[in-house]
Amino acid sequence: DKIAGSVSYGGFLLYLFALTISMESEVLLALGIKICIFIGVICTVNNKIAGAYEDINIHKRKTRVINIFMLLGAIINCFGVLFEDNHIKDLFVMFGILCMFPLCNEYAAIGNKVKKIRYEQELNKSAGK
C-alpha cells in the first residue's frame, strides 16, 4: 500500500493545470501562478516517489531526471505566456506535456511494481490454502 500511495495523480493534474493557465491581461500574474504551482507539483511528486523506493540512491536518481524534465517543461511553458498568438501558446503547452514523459514512465513502473506484488500475494494465498 505504501508503494501504491507513491503515485500522485493530484500532482499530475496540477502540472497539466499549470501548463494551461493563460491569463492574457496579466502576464506577471500568470507567471507567478504557474511558478507557484510548478514548485508545489515538484515537491509533491518528489515526496510521493520517495515512498516507492527503499534505496535512497535510486530515489534520488529517478527524481533528478523527473525534476529536470518537469523544470524544462515549466520553463518552456512560461515563455509561452509572452506570446499573444494562441497557436504558439498551444505549442508551448504541448512541449510542456511532452516533458512529462519521464514522470508518466515512472508512474507506470510503480503501477507495474504494485501489480506484481499483489499478484505474488494472491499466489501465496492460494498456495497456502
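This is a short tour of a predicted model, stop by stop.

**Whole chain**

Start with everything shown. The chain has 5 helices and 0 strands. Read along the sequence, the pattern is α-α-α-α-α. Of the 129 residues, 35% are buried. Colour by atom type on the surface next. The accessible surface comes to about 8,400 Å². Carbon and sulfur atoms account for 66% of that area. Now turn on contacts between residues at least 6 apart in sequence. Of these, 70% join residues at least 24 apart.

**H1 against H3**

Two packed helices are described by the angle between their axes and the distance between the axes. Keep both values in view at the next three stops.

Select H1, residues 9–20, and H3, residues 56–80. Their axes come within 9 Å and cross at roughly 20°. That angle is under 35 degrees, so H1 runs roughly parallel to H3. The crossing is left-handed. Show side chains on the H1 side of the contact: Tyr-15, Ala-18 and Leu-19. On the H3 side, pick Phe-69, Met-70, Gly-73, Ala-74 and Asn-77. By class, this contact of H1 with H3 holds 6 nonpolar, 2 polar and no charged residues.

**H1 against H4**

Keep H1 and add H4, residues 86–98. The two axes come within 9 Å and cross at roughly 160°. That angle is over 145 degrees, so H1 and H4 are roughly antiparallel. The crossing of H1 and H4 is right-handed. Which residues meet here? From H1, select Tyr-15, Leu-16, Leu-19 and Thr-20. From H4, select Val-93, Gly-96 and Ile-97. The class count for H1 with H4 is 5 nonpolar, 2 polar and no charged residues. Tyr-15 and Leu-19 of H1 take part here, and Tyr-15 and Leu-19 also belong to the contact with H3.

**H3 against H4**

Hide H1. Leave H3 and H4 on screen. Their axes come within 8 Å and cross at roughly 170°. H3 and H4 are therefore roughly antiparallel to each other. On H3, label Gly-73, Ile-76, Asn-77, Phe-79 and Gly-80. On H4, label Lys-89, Phe-92, Val-93, Phe-95 and Gly-96. By class, the contact of H3 with H4 has 5 nonpolar, 4 polar and 1 charged residues. Gly-73 and Asn-77 of H3 are in this contact; Gly-73 and Asn-77 are also listed in the contact with H1. On H4, Val-93 and Gly-96 touch H3, and Val-93 and Gly-96 meet H1 as well.

**Phe-95**

Centre on Phe-95, in helix H4. Is Phe-95 buried, partly exposed or exposed? Its relative accessibility is 44%, so Phe-95 counts as partly exposed. Now add Leu-72 and draw a distance between the C-alpha atoms. Phe-95 and Leu-72 lie 23 residues apart in sequence and 9.3 Å apart in space, C-alpha to C-alpha.

**Glu-106**

Move on to helix H5, residues 101–128, and select Glu-106. What is the relative accessibility of Glu-106? The value is 6%, so Glu-106 counts as buried; the cut-off for buried is under 20%. Which residues is Glu-106 in contact with, leaving aside its neighbours within four places in sequence? Select Ile-49, Tyr-53, Lys-62 and Ile-66. The tour ends at this cluster of selections.

Notes
Residues numbered from 1 in each chain as written. Predicted model: local features only at pLDDT ≥ 70, side-chain atom pairs only at ≥ 80, totals over all residues. Heavy atoms only, no water. Axes fitted to C-alpha atoms, helices over the stretch in contact; angles between N-to-C directions. Helix = DSSP H or I, 4+ residues; strand = E, 2+ residues; numbered from the N terminus. Parallel < 35°, antiparallel > 145°, perpendicular 65-115°, else oblique. Left-handed = near helix turned anticlockwise from the far one by under 90°. Contact = heavy atoms within 4.5 Å. Nonpolar A, V, L, I, M, F, W, Y, C, P; charged D, E, K, R; others polar. Buried < 20%, exposed > 50% of the residue type's maximum accessible area, 1.4 Å probe, protein only. Areas by Shrake-Rupley, 256 points an atom, 1.4 Å probe, with all protein chains shown as cover.
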